[in-house]
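Biologist: Before we discuss this entry, could you show me the sequence and the model, and then let me ask what stands behind each term you use?

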Amino acid sequence: MSTLQRVKCQAKAHPLAMDAVLAAGVLVCMVAGSFVEPRHRDSVSWALRTPDLLSLVLMALGAAALVFRRRAAMTVLCLTGTVSVIESVTGDPRAPVAMSAVIALYTVASTTDRPTTWRVGLLTMTVLTGSAMAAGSLPWYAQENLAIFAWTGIGATAGDAVRSRRAFVQAIRERAERAERTREEEARRRVAEERLRIARDLHDVVAHHIALVNVQAGVAAHVMDKRPDQAKEALAHVREASRSALNELRATVGLLRQSGDPEAPTEPAPGLDRLDELTGTFRNAGLHIEVARADQGTPLPAAVDLAAYRIIQEALTNVQKHAGPQAKAEVSVVRVGPNIEITVLDDGSGEDDEPGSGGGHGLLGMRERVSALRGTLTTGPRYGGGFRVHAILPVKSRAPGEDPA
């Protein structure tokens, strides 16, 4: 830390002590100036003189008042202005008592607003200069009178400039702090969104595969004694579903690894190109599924492709869990203008609970995925039984506030 920085730190930590040092310096300057007077009005030669006792007392009072200039700036200005007027009227020759008033005026200007500075500065300049010109022993046009006018103006102007600079620096500091807070909030928001996305993926993966494992394990337990070959086939499906679940979980959790951790798998995220594989796993679990596609092989953005796959996966998982053993499902993927529409229907008997009634987060996760892409999602029971999931996903990003027609 440099010497100037240490001095600034000490000044901020002990303002009263620094003002006392300033007052002592001003007193020394005023006393030293009171011992000198011009020998001739039109020359630059000087002569020594002895100041009056009253002048010394007024200089001491003005300097002492400056010790409290930060605490009561207006009061100190009134006091120093009063002693300056007294010295202007009684001093012959005058002592530079007005120096204390200039310092006090600078303090007022640097700690108040500009209108106050203008009013107080003009009043101080008028009173000090007017009293010196009207009641002093010198002619009104004397250099000493004009010097009082100039120095009070300089004090007010310098104080206002310092106040403006402080305000400018403070504004820059606040703007930088606000920008830093905005960056931190944006970073936290992105982290929260990424955590939510990963949580949705984990839920979809676990719910889908665990549902399949549960169904196949039930089939194996039911036919174990009478039809061991079918039980063996069901257990093979259990093994395949559990392996697929572990692979997807490993790929999803790999996103949470730090930079120094081992590399995560680089398998691409699933999309509609794996729809046949997805429906095949449900068919192996005993669910009757019909698939209709009219998307003309439209290439989809990665986020839309993943969302469509997860929506179908979650909807079929709900059918498997809630629609009953004899339920049939219909999946359709249709390109309609700028959107891709996903529809999953079932004709469940309603014997099990309706999807989402058991406290799960499947429908909520689907709604969050669709909302993140600025699409629309409609879910609800069908007339005559069953359940319907209908999602409209924009193939291209839509401007905020645009109606997802």
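Modeller: Let us start with β6 and β7, which are joined by 6 bridges and run antiparallel; please keep in mind throughout that this is a predicted model.

Biologist: What makes β6 and β7 a pair?

Modeller: Two strands pair if at least two bridges are found between them, and β6 and β7 are joined by 6 bridges, so by that definition they count as paired. As one example of these partnerships, T376 has I392 in β7 as its bridge partner.

Biologist: Which strands belong to the sheet, and in what order?

Modeller: The sheet is open and has 5 strands, in the order β3-β4-β5-β7-β6, with mixed pairing. From one strand to the next, the twist averages 10°.

Biologist: Why are β3 and β6 called edge strands?

Modeller: The strands β3 (288-294) and β6 (376-381) each pair on one side only, and this is what their name records. The helix α9 packs on the sheet, where it touches β3 and β4, and the direction of α9 makes about 165° with that of β3.

Biologist: What makes a group of residues a nonpolar core?

Modeller: The residues must be buried, must come from a set that includes Ala, Val, Leu and Ile, and must be joined through side-chain atoms within 4.5 Å. The largest such core here has 37 residues, and those with the most contacts inside it are I311, I312, L316, I342, V389 and L393. At least two residues of this core come from each of several elements, including α7 (143-223), α9 (275-284), β4 (328-336) and β7 (387-394), while α10 gives the most, with 9 residues.

Biologist: How do you know where this core lies with respect to domain 1 and domain 2?

Modeller: Residues of the core come both from domain 1 (1-37 + 47-259) and from domain 2 (272-351 + 360-394), so the core lies between them.

Biologist: Which residues does L316 touch, if its neighbours within four places in sequence are left aside?

Modeller: L316 is then in contact with T279, F282, L287, I289, A329, V331 and V344, where contact means heavy atoms within 4.5 Å. Apart from the core of L316 lies another core, of 20 residues, among them A23, A95, V97 and V120.

Biologist: How many of the residues in the protein chain are buried, as a percentage?

Modeller: Of the 405 residues in the protein chain, 37% are buried, which means that their relative accessible area is under 20%.

How values were computed. Residues are numbered from 1 along each chain as its sequence is written. This is a predicted model: local features need pLDDT of at least 70, side-chain atom pairs count only at pLDDT 80 or more; totals for chains, interfaces and linings use all residues. Side-chain values use heavy atoms; hydrogens and water are left out. Buried means under 20% relative accessible area, exposed over 50%, partly exposed in between (1.4 Å probe, protein chains only). Helices (H or I, at least four residues) and strands (E, at least two) are DSSP runs, numbered from the N terminus. Domain bounds come from an automatic or database domain assignment. Axes are lines fitted to C-alpha atoms, for helices over the stretch in contact, and angles run from 0 to 180 degrees between N-to-C directions.
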